[in-house]
Amino acid sequence: MTSETAKTVHQCQCDVCQAGTDRDTIQHHRQMNLFLSRLNEPQRRWYVGLLSQKPGGDSDRQLSLITGLDEETIRRGRRELEADLTNVPNDRQRREGGGRRSAEKKTRS
Ligand SMILES: [Zn+2]
């Protein structure tokens, strides 16, 4: 009966979950993947990029096993976060009447 969710939610490939020894870890990784399955692509890499920066947290390699994201994708998410997501369009930001003028010329370089 759980085969339906198994299709959409990534199954953790880490050693602990493979061995099936630590219930708390298995549960935690399962919930991480459940959560990730509801996010869009950029949100997934930002979340995992954020986790990769957690002091004493999992390495990129480990997070890659847990979430199924490439290590390169995780690094990319981290870089984008470090850059304050400035180069990433924010869909939710809508122009409200009379906002800032984006046409101001930047005469640099
Ligand atoms: Zn795991």
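Leaving aside its neighbours within four places in sequence, which residues is cysteine 12 in contact with? In this predicted model, the list is Cys17, Gln18, His29, Asn33, Leu65 and Ile66. Two of those names, Cys17 and His29, come up again at the metal site, so let's go there next.

The zinc ion takes its protein donors from Cys12 (SG), Cys14 (SG), Cys17 (SG) and His29 (ND1), which sit 2.0 to 2.3 Å from it. The site is tetrahedral, with angles of 104 to 113° among the 4 donor atoms. For comparison, ideal angles for four tetrahedral donors at a metal are 109.5 degrees. If you read along the chain, the donors follow the spacing C-x1-C-x2-C-x11-H. Cysteine 12 lies in the loop between helix H1 (3-8) and helix H2 (15-19), while histidine 29 belongs to helix H3, so this pair ties together parts that are 17 residues apart in sequence. Both ends of that link are tucked away from solvent: cysteine 12 counts as buried at 12% relative accessibility, and histidine 29 is buried with a relative accessible area of 5%.

The zinc-binding cysteines also turn up in the largest nonpolar core. That core has 12 residues: Cys12, Cys14, Cys17, Met32, Leu36, Leu39, Val48, Leu51, Leu63, Ile66, Leu69 and Ile74. H3, H4 and helix H5 (60-67) are the elements that each give two or more residues to this core.

Stay with helix H3, which spans residues 23-37, and you'll find threonine 25 in it. The side chain of threonine 25 makes a polar contact of 2.8 Å with the side chain of aspartate 22. Beyond its neighbours within four places in sequence, threonine 25 is in contact with Val16 and Cys17, and Cys17 is one of the zinc donors.

Further along H3 comes the aromatic part of the story. The whole structure holds 1 aromatic pair, formed by phenylalanine 35 and tyrosine 47, which meet edge-to-face at 5.0 Å centre to centre with 80° between the planes. Phenylalanine 35 lies in helix H3 and tyrosine 47 in helix H4 (residues 41-52), so the pair ties together parts that are 12 residues apart in sequence. Neither ring belongs to a buried residue: phenylalanine 35 is partly exposed at 39% relative accessible area, and tyrosine 47 is partly exposed at 24%.

One last stop is arginine 76, in helix H6 (residues 71-82). Arginine 76 is partly exposed, with a relative accessible area of 40%. Its C-alpha atom is separated by 9.7 Å from that of proline 42, although the two are 34 residues apart along the chain.

Key:
Residues are numbered from 1 along each chain as its sequence is written. This is a predicted model: local features need pLDDT of at least 70, side-chain atom pairs count only at pLDDT 80 or more; totals for chains, interfaces and linings use all residues. Side-chain values use heavy atoms; hydrogens and water are left out. Helices (H or I, at least four residues) and strands (E, at least two) are DSSP runs, numbered from the N terminus. A polar contact is a pair of N or O atoms within 3.5 Å; within protein, one must be able to donate a hydrogen and the other to accept it, and residues adjacent in sequence count only if both atoms are side-chain atoms. Contact means heavy atoms within 4.5 Å. Rings of Phe, Tyr and Trp (its six-membered ring) pair if their centres lie within 6.5 Å; planes under 30 degrees apart count as stacked, over 60 as edge-to-face and the rest as tilted. Buried means under 20% relative accessible area, exposed over 50%, partly exposed in between (1.4 Å probe, protein chains only). A nonpolar core is a set of buried Ala, Val, Leu, Ile, Met, Phe, Trp, Tyr and Cys residues joined through side-chain atoms within 4.5 Å. Donors are N, O and S atoms within 2.8 Å of the metal (3.2 Å for Na, K and Ca); water is not among the atoms, so sites may look incomplete. Four donors count as tetrahedral if all angles lie between 85 and 135 degrees; four count as square planar and six as octahedral if opposite donors are over 155 degrees apart and all others between 65 and 115; anything else is irregular.
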